[in-house]
Amino acid sequence: SWAWLVQLPVLEGGKLEAHVVDGVAQPDAIPGLAQKGREVYEEFGCVQCHTQQVRLTSGKDLERSWGSRQSVARDYIGADVALLGSVRLGPDLANVGKRIEDAEWHHKHFYNARSVVANSNMPPYSFLYETREVIGQASAKALKLEGEYAVEEGYEVVPTVKAEALVAYMLSLKV
């Protein structure tokens, strides 16, 4: 019975192949910058507060638009480690790239989550951004922060490479 319940699913799971839809393998491979962002996601322990699996058993995942279907094993093909998570202190991120396609929104959220979600319990990751004096023309990548989050006149907040990679990873999550 042990072999039937434990061993067989492990052996069969290793045989999964990507599903091809209209000539495109599903799931897509994570592109270079997004792959670096996945490493940043792991480095900062984001999996401690966020899941990446749409569940039907929790009842509200589909209603919340956290996915269009339940997550399945095939969604994690190609991942060395599936970053499923187990605690949801923050929303599920399985398809955050479909829900929120605006990179600027994600940057503001990482800089200070309360700048876009008033009652967020996510800590600010402002150390992923550089506040610098504007010399000449402002950077095209500078965040457009407003209200209490705006920086002093003559200064700008620009993302570091880690911030750019983390946002690329969020945009790649489209289960």
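What follows is a working chat about one predicted model.

User: What kind of model is this, and which residues count for what?
Analyst: It is a predicted model, where local features need pLDDT of at least 70, side-chain atom pairs count only at pLDDT 80 or more, and totals for chains, interfaces and linings use all residues. Residues are numbered from 1 along each chain as its sequence is written, and side-chain values use heavy atoms, with hydrogens and water left out.

User: What does the secondary structure come to?
Analyst: Five helices and four strands. Helices (H or I, at least four residues) and strands (E, at least two) are DSSP runs, numbered from the N terminus. Along the sequence the pattern reads α-β-β-α-α-α-β-β-α.

User: How many residues, and what share is buried?
Analyst: The chain has 175 residues, and 31% of them count as buried. Buried means under 20% relative accessible area, exposed over 50%, and partly exposed in between (1.4 Å probe, protein chains only).

User: What about contacts over long sequence distances?
Analyst: Contact means heavy atoms within 4.5 Å. Of the contacts between residues at least 6 apart in sequence, 67% join residues at least 24 apart.

User: Now the largest nonpolar core. Which residues have the most contacts inside it?
Analyst: Tyr41, Phe110, Tyr129 and Met170, in a core of 23 residues. A nonpolar core here is a set of buried Ala, Val, Leu, Ile, Met, Phe, Trp, Tyr and Cys residues joined through side-chain atoms within 4.5 Å. The helices α2 (32–43), α4 and α5 each supply at least two residues of this core.

User: Which helix gives the most?
Analyst: α5, with five residues.

User: What does Phe110 touch?
Analyst: Setting aside neighbours within four places in sequence, Phe110 is in contact with Met122, Pro124, Tyr125, Ser126, Tyr129, Leu166, Val167 and Met170.

User: Stay with α5. How far does it reach?
Analyst: Its 12 residues reach 16 Å from first C-alpha to last, close to the 16 Å expected at 1.5 Å a residue. The expected span is 1.5 Å times one less than the number of residues.

User: Which of its residues are buried, and what covers them?
Analyst: In α5 the buried residues are Ala163, Ala165, Leu166, Val167, Tyr169 and Met170. Their cover includes α2, α3, α4, β3 (129–133) and β4 (155–159).

User: And α4, why is it called largely enclosed?
Analyst: Because seven of its nine residues are buried, α4 is largely enclosed by the rest of the structure. Those residues are Glu104, His106, His107, Lys108, His109, Phe110 and Tyr111. They pack against α3, β3, β4 and α5.

User: Switching to pockets. How much space is in the second largest one?
Analyst: About 500 Å³. On a 1 Å grid over the protein atoms alone, a pocket is an open set of points where a 1.4 Å probe fits, with protein on both sides within 12 Å along at least five of seven lines; lining residues have an atom within 4 Å of a point. Grid points are joined across faces, edges and corners, and the volume is the space filled by probe spheres set on the points.

User: Which lining residues are closest to its centre?
Analyst: His50, Gly90, Pro91, His109 and Met122, out of 27 that line the second largest pocket.

User: How does that lining split by class, and which helix has the largest share?
Analyst: The lining has 17 nonpolar, nine polar and one charged residues. Ala, Val, Leu, Ile, Met, Phe, Trp, Tyr, Cys and Pro count as nonpolar, Asp, Glu, Lys and Arg as charged, and the others, Gly among them, as polar. The largest share, four residues, comes from α4. At least two lining residues each come from α3 (96–99), α4 (103–111) and α5 (161–172).

User: Gly97 in α3: buried or exposed?
Analyst: Gly97 is buried, with a relative accessible area of 1%. Its C-alpha is 5.6 Å from that of Ser172, 75 residues apart in sequence. Leaving aside neighbours within four places, Gly97 is in contact with Met170, Leu171, Leu173 and Lys174.

User: And Ser86, where does it lie?
Analyst: Ser86 lies in the loop between α2 and α3, and is exposed at 62% relative accessible area. Not counting residues up to four places away, Ser86 touches Thr51 and Arg55.
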